[in-house]
Amino acid sequence: MKAIGPVRKKIPKLPDVKKRAIKLSENVIKKTQKANRFFLAVGEINLFFWYTIKASFSRDFEFREFLRQCYLVGNKTLPLITITGVVIGLVLTIQARPVLAEFGAVSMLPGMVALSIIREMGPVVTALICAGKIGSGMGAELGSMKVTEQIDAMEVSSTNPIRFLVVPRVMAATLMIPILVLYADALGILGSWAGANIKGEVNFVLFISQAFSAVGFMDLFPAVIKTFFFGAAIGFIGCYKGFTAGRGTESVGKAANESVVVASLLVILIDLVAVQITDMLL
Amino acid sequence: MKSENKIASLAGSATLSPEQVIEIHNLKIGFGDLPVLKDFSVQLFEKENLVILGKSGSGKSVLIKCIVRLLNPDSGTINVLGENVNKLNDRDLAKLRMKIGFLFQSGALYDSMTIKENLEFPLKRIKKNLSQKEMDEKIEDTLENVGLSDTLHKMPSELSGGMRKRASLARTIVVDPMIMLYDEPTTGLDPVTSDEISSLINDVQKKYDTSSIIITHDIECARATADRMIMLKDGEVYLEGSLDEFEKSPDELIQSFFKPKKM
């Protein structure tokens, strides 16, 4: 038989309370440290962005380094962009043709392919390739310079490393990626014509005129404008990740890898915003 | 021994009062919870070679990085050529850095540039009034001084470790610095090349009248170059004195540096 009496709650012993309090405070400290690190990283990236903007308007612009970077950005990615551009056009045409044929709308093929290449496929695919090729290159190069103290050496010899290393790279990426996108667009349409020729002879001039009759200024303009932002984001993230790499050699690989991941993600996010803005304007 | 009168004056026994080029007071710096330098104070005098000895992790490299403000100390003051380094704005700091040469442990040559371009890089930015011809002459002259006159158009990757160190030294001295900071100049080099680098440090001091801080744990380099020595331990000055005082010290830690290692 159970004894009848007031229900007593189990009160933890004093050492238990102490242990729990210690554990709780440790958890709070851990969480605070995590939040601290996050805000520090946000502050750091903002500061880096501000220094880059400030250095971009300095009088001693490194023009030769800028030209060298433009050449490197263009030269590094040109073969890849050439192949990708042609293949995009070719594949789009081959896949779209049977669907359009079902509706008796094959004549709309050049316009449809041109629109999708100019508006979306060309800019995004080119930017993603550049994020892989240029972003990782910049991250690895600057990361390696950081590890081997070359950036410190530059700073000690009274040269602003952001002005010499970051500004020309970001500007080169911002200028060259739109050019590469236009090049990829052109090759994409050419690839599309090649694809259309597989099932029968199509007149080149007719194909091109049909393609461009479907494309208006408001298709081309926003698509080109967003590529400047893609370029700036790829250049900036590549440089930032390289510049803030750790001191060990493994941090070079980490910087290159993170550059690609973050830059690719940013390209997609910028594209999302750009599409929304374009939709609102049209 | 080198500069006997200078050392005597440091001991306070002479009337000479050489000018201080670097004065560090109560320098404190740490990373996270780990203190690296604790209340460190030191002076560097004109045309003096000050060797700072210490085990790895004792804060030697951190000290010279604080002098050129590659690292910001937690507290304390660093005066270089009469300027408080931590209170300088970016422009004045850049001006001050033009007077300081820093030889990095790794050499830190720009690996995308030839040796000539490496030397041209600081020269173009610091000695802006030089013509291209004057610049070329200065580069050739400096490379000849370090025994590398035939490497003008070579890339750093084509040079050996010792040659890279010399090229890096050439890049540092090409702008005629007043102060030289050497971060482990002989690390990773064979004894013969180490001796060559040590004698180059002395040649640089004589030819360019520089004051130098040499961070090392290579005792032969210290013997060859030191006017005065400081032993760092756990971020504090463990012993300060002349080479002779160090060699005669009965202290176990000091002797562990000076006595030949038993096999």
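**Notes on a two-chain predicted model**

1. Let's start with a hairpin in chain B. Strand β9 (residues 228-233) pairs with strand β10 (residues 236-241) in the antiparallel sense, and five bridges hold the pairing. Within this pair, B:Leu232 has B:Val237 in β10(B) as its bridge partner. Two residues sit between the strands of the hairpin, and B:Asp234 takes a positive phi near 50° there. Keep in mind throughout that this is a predicted model.

2. Chain B also has an open sheet. Its four strands come in the order β2-β1-β4-β5, with antiparallel pairing. Which strands stand at the edges? They are β2 (34-45) and β5 (83-84) of chain B; each has a single partner strand, so one side of each is left without a neighbour in the sheet.

3. Look next at how β1 and β2 of chain B go together. Strand β1 (residues 20-31) runs antiparallel to β2(B), and eight bridges join them. One residue to click on is B:Ile22, whose bridge partner in β2(B) is B:Leu44.

4. B:Ile22 turns up again in the largest nonpolar core, which has 78 residues. Together with B:Leu181 and B:Ile213, B:Ile22 touches the most other members. And which element gives the most to this core? That is helix α5 (residues 161-196) of chain A, with 13 residues.

5. B:Ile213 is a good place to zoom in on that core. Neighbours within four places in sequence aside, B:Ile213 is in contact with B:Ile22 and B:Leu44, the bridge partners from point 3. The rest of its contacts are B:Leu50, B:Ile52, B:Ile64, B:Ile67, B:Met180, B:Leu181 and B:Tyr182. There is also a second, separate core of 42 residues, and among its members are B:Leu123, B:Leu148, B:Val175 and B:Ile201.

6. Two loop residues in chain B deserve a second look. As a rule, most residues other than glycine have a negative phi. B:Asp176 has a positive phi near 50°, and it lies in the loop between α6 (161-173) and β7 (179-183). With a relative accessible area of 31%, B:Asp176 is partly exposed. B:Asp209 has a positive phi too, near 55°, and its loop runs between α7 (191-208) and β8 (211-216). B:Asp209 is partly exposed as well, with a relative accessible area of 43%.

7. Over to chain A. Its secondary structure is eight helices and zero strands. What about its dimensions? The C-alpha trace spans about 95 × 75 × 35 Å along its principal axes. The radius of gyration of chain A is 27 Å, whereas a compact globule of 282 residues would have one near 19 Å.

8. How is chain A divided? The domain assignment gives domain 1 (11-57) and domain 2 (61-281). The C-alpha centres of these two domains of chain A lie 36 Å apart. Where they meet, nine residues of domain 1 are in contact with eleven residues of domain 2.

9. A few totals for chain A to finish. Of its 282 residues, 41% are buried. Among contacts with a separation of 6 or more, 84% are between residues 24 or more positions apart. The accessible surface comes to about 16400 Å², and carbon and sulfur atoms account for 69% of that.

Technical notes. Residues numbered from 1 in each chain as written. Chains lettered and ligands numbered in written order. Predicted model: local features only at pLDDT ≥ 70, side-chain atom pairs only at ≥ 80, totals over all residues. Heavy atoms only, no water. Core = buried A, V, L, I, M, F, W, Y, C linked by side-chain atoms within 4.5 Å. Buried < 20%, exposed > 50% of the residue type's maximum accessible area, 1.4 Å probe, protein only. Contact = heavy atoms within 4.5 Å. Pairing = 2+ DSSP bridges. Rg over C-alpha atoms; globule rule 2.2 N^0.38 Å. Areas by Shrake-Rupley, 256 points an atom, 1.4 Å probe, with all protein chains shown as cover. Domains from an automatic or database assignment.
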